[in-house]
Amino acid sequence: MAEMSLSKTHNLRANGARLWATILETAEFGGTPAGGINRLTLSAEDGQVRDWFREACEAAGLTVSVDALGTQYALRPGRDMSRKPIAFGSHLDTQPTGGKFDGVLGVLAGLEVMRSLNDAGIETEAPLLVVNWTNEEGSRFAPAMMASAAYAGDFTTDEILAKRDAAGTTVAEALDAIGYRGVEAVGTREIGAFVELHIEQGPILEAEGKTIGVVEGGQGIMWFDGVITGFESHAGTTPMPRRRDALLALSEFALAAERIALGHAPSAVATIGEAAILAPSRNVVPGRVAFTVDVRDPRSETLDAMEAALGEAAAEIAARRHLEIALTRIWRKEPVPFDPAVVAAIDASAESLGHPRRRIISGAGHDACNLAAKVPAAMIFVPCKDGVSHNESESATQGDCAAGADVLLQTVLRLANAPGA
């Protein structure tokens, strides 16, 4: 029966024009003058797009539920409701200067899969589930991908609810403010497999002329918080050799981080994404500086080596400049291999549709990387212009978005109609 269903549906395509229209429609929630989106997680704008998504899912005949961390689940029944649903989706929150496609494409393509199946009158064996995960970006509340991490058991619900943003607002308070603290216990909803469609957020697919990236896994990530404590002194009267300048120490450390990453080329990266002089003044030598470090590589042993090297660099700079550098790792996510069967289903779907494709490793973290610890998971990438993401100029073509949705649709059909799943 599964083979017969597959033969009937192998020519089915998503409605690319409708998908594109929903991408543009939802970009109005938090849209910026520069054409991007500022839709921080659990903001008023996030609440608006969540309301839109719920209404669109219900209009498509889906049953929408919300868990205690605000994650939205929209279920389409299958013939055999005893089977675990095949899930797909991503996130609708953005960076402060985000684009229209990061995360959004995966959620809206998931909605389009449901709509296209409805249009064709197709019922799958297993039920289907499209998911909007809370706080993937991590720009308001840290760490990133916290709702999917809680689903996978990395955090308790109470731990996440107690997290605070820079203004001191807790996740619990932010959820209540937009009415999205649901009653479903986190992690109790069973999932048979999870597929996430996403823009690549890198330049490889575009450079190689490939339409589809078949993602085999995600690289490991470490986040550090750092504080450099020197000594405030008068900018006009303190001789250069006698200064304990925290900002100059950070400058040295930033260059050391670059050298360390280059020493593990070509895959390793290190980024100081935030830095702030504490109690700054124009005519005072900076005495305290706070900063963050983001380190990534597909190999655990490289992460170990880079962490050790960063610690050695901090100690050397601190001793030479007569100040203190405190570097604290606040998060580590190990490299994630995706499920071979789900990867194979994506690959076969892309091949059947005739799209140029390649196997690839995700440089960014995604909800699928968290879910892979608990359920079979994998990802589909499509190109984005110049590899740019987390930027208002982020861009993808309508054709590539439609191709990704087609691969998602065919992958979902393969998984949902597979015998004995």
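**View 1. Polar contacts across the interface of domain 1 and domain 2 in a predicted model.** The rule finds two residue pairs in polar contact here, both at pLDDT 80 or more. A polar contact is a pair of N or O atoms within 3.5 Å; within protein, one must be able to donate a hydrogen and the other to accept it, and sequence-adjacent residues count only through two side-chain atoms. On the side of domain 1 that touches domain 2, the residues divide into eight nonpolar, four polar and one charged. Ala, Val, Leu, Ile, Met, Phe, Trp, Tyr, Cys and Pro count as nonpolar; Asp, Glu, Lys and Arg as charged; the others, including Gly, as polar. This predicted model requires pLDDT of at least 70 for local features and 80 or more for side-chain atom pairs, while totals for chains, interfaces and linings use all residues. Residues are numbered from 1 along each chain as its sequence is written, and side-chain values use heavy atoms, without hydrogens or water.

**View 2. The salt bridge between D154 and K333.** Their side chains meet at 3.9 Å, N to O. The rule finds one salt bridge across this interface. The criterion is a Lys or Arg side-chain nitrogen within 4 Å of an Asp or Glu carboxyl oxygen.

**View 3. The two domains and their shared surface.** Domain 1 covers 1-218 + 335-417, and domain 2 covers 220-333; the bounds come from an automatic or database assignment. Their C-alpha centres lie 35 Å apart. In contact (heavy atoms within 4.5 Å) are 13 residues of domain 1 and eleven of domain 2. The buried area is about 820 Å², with 67% from carbon and sulfur atoms. That area is the accessible area (1.4 Å probe) lost on putting the two parts together, summed over both.

**View 4. Annotated site H91, D102 and H198.** The unreviewed UniProt entry labels these residues "binding site". They span 108 residues in sequence, yet no two C-alpha atoms are more than 9.9 Å apart, so they gather at one spot.

Methods
UniProt positions are given in the numbering used here, feature names are shortened, and annotations may be inferred rather than shown by experiment.
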